[in-house]
Amino acid sequence: MTELTFYTNPMSRGRIVRWMLEETGQPYRTEIVPFGAPMKSSEYRAVNPMGKVPSIRHGETVVTECAAICAYLADAFPEAGLAPPTTERGSYYRWLFFAAGPLEAATSNRALGFEVPADRQRMIGYGSYEDVMDTLEYAVSQTAYVTGDRFTAADVYVGSHIGWGLHTGSIEKRPAFEGYLARVINRPAAARAAALDEAATREMQGA
């Protein structure tokens, strides 16, 4: 079996990929990368030149960026059923990359207290925070999951963003967001991933 290595920090977006890895049901080896010098070291930059986590190495293949990792793992382990057939991936790609692009940018700016001036919204890929929230509500309220009636890797990614955003306040509370989050987070793989990351956090903090 090809070795799968997961580079992460439990206090990072690596939590998204941990959940995805648990959904695949495949064995993997975890390497915790501390923030600061270890994450910016030449050794780790050979894996991810950005000096950020998460990353994965699957045999000779290295993948970085959370959305890309989720999509890769869904394709690498099709038996887990985490991606629709290739002929039915319109919504899957649409919402996976909406979350990686407009949603990530809009919520990050919101967290930093930055608001795009109304006369500059055409220059920004996401336009306005309000437009992103309305579009996100549309994405999660049409069907049980963002691709329809089946859970996919896109729900891992979109659900993780919504969970974090509701927790931090970068995503406003709406019944559609809370209802969707309740549907996707109530999964054994999500619970296992959270437990593993909490244990890793305690270990890092010397608890």
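## Glu65 and its loop

Glu65 sits in the loop that runs between strand 4 (61–64) and helix 3. Helices here are DSSP runs of H or I with at least four residues, strands are runs of E with at least two, and both are numbered from the N terminus. This is a predicted model, where local features need pLDDT of at least 70, side-chain atom pairs count only at pLDDT 80 or more, and totals for chains, interfaces and linings use all residues. Residues are numbered from 1 along each chain as its sequence is written, and side-chain values use heavy atoms, with hydrogens and water left out.

The backbone at Glu65 has a phi near 75°, a positive value in a residue other than glycine. Glu65 counts as partly exposed because its relative accessibility is 46%; buried means under 20% relative accessible area, exposed means over 50%, and partly exposed is in between, using a 1.4 Å probe and protein chains only.

## The cis bond at Pro54

The peptide bond from Val53 to Pro54 is cis, with omega near 10°. Pro54 belongs to the loop between helix 2 (42–45) and strand 3 (55–58), and at 4% relative accessible area Pro54 is buried. Leaving out residues up to four places away in sequence, the contacts of Pro54 (heavy atoms within 4.5 Å) include Phe6, Tyr7, Arg13, Tyr44, Glu65 and Cys66.

## Helix 3 and the annotated domain

On the other side of Glu65's loop, helix 3 has Cys66, Ala67, Ile69, Cys70, Ala71, Leu73 and Ala74 buried. Those buried residues pack against a mix of elements: strand 1 (4–8), helix 1, strand 3, strand 4, helix 4 and helix 6.

An unreviewed UniProt entry lists residues 1–81 as "domain: GST N-terminal". Positions are given in the numbering used here, feature names are shortened, and such annotations may be inferred rather than shown by experiment. In the model, that span is 32% helix and 21% strand, with its end C-alpha atoms 19 Å apart.

## Two pockets

The largest pocket holds about 900 Å³ of space. A pocket is an open set of points on a 1 Å grid over the protein atoms alone, where a 1.4 Å probe fits and protein lies on both sides within 12 Å along at least five of seven lines; lining residues have an atom within 4 Å of a point. Grid points are joined across faces, edges and corners, and the volume is the space filled by probe spheres set on the points. Of its 31 lining residues, Ser12, Arg13, Ile16, Ser160 and Trp164 are the closest to the centre. Helix 6 gives the largest share of this lining, 8 residues. By class, the lining has 15 nonpolar, 11 polar and 5 charged residues, with Ala, Val, Leu, Ile, Met, Phe, Trp, Tyr, Cys and Pro counted as nonpolar, Asp, Glu, Lys and Arg as charged, and the others, Gly among them, as polar.

The second largest pocket has about 270 Å³ of space. Here 17 residues make up the lining, and the closest to the centre are Arg13, Lys52, Val53, Glu65 and Cys66. Helix 3 (66–76), helix 4 and helix 6 each supply at least two lining residues. The class split is 10 nonpolar, 3 polar and 4 charged.
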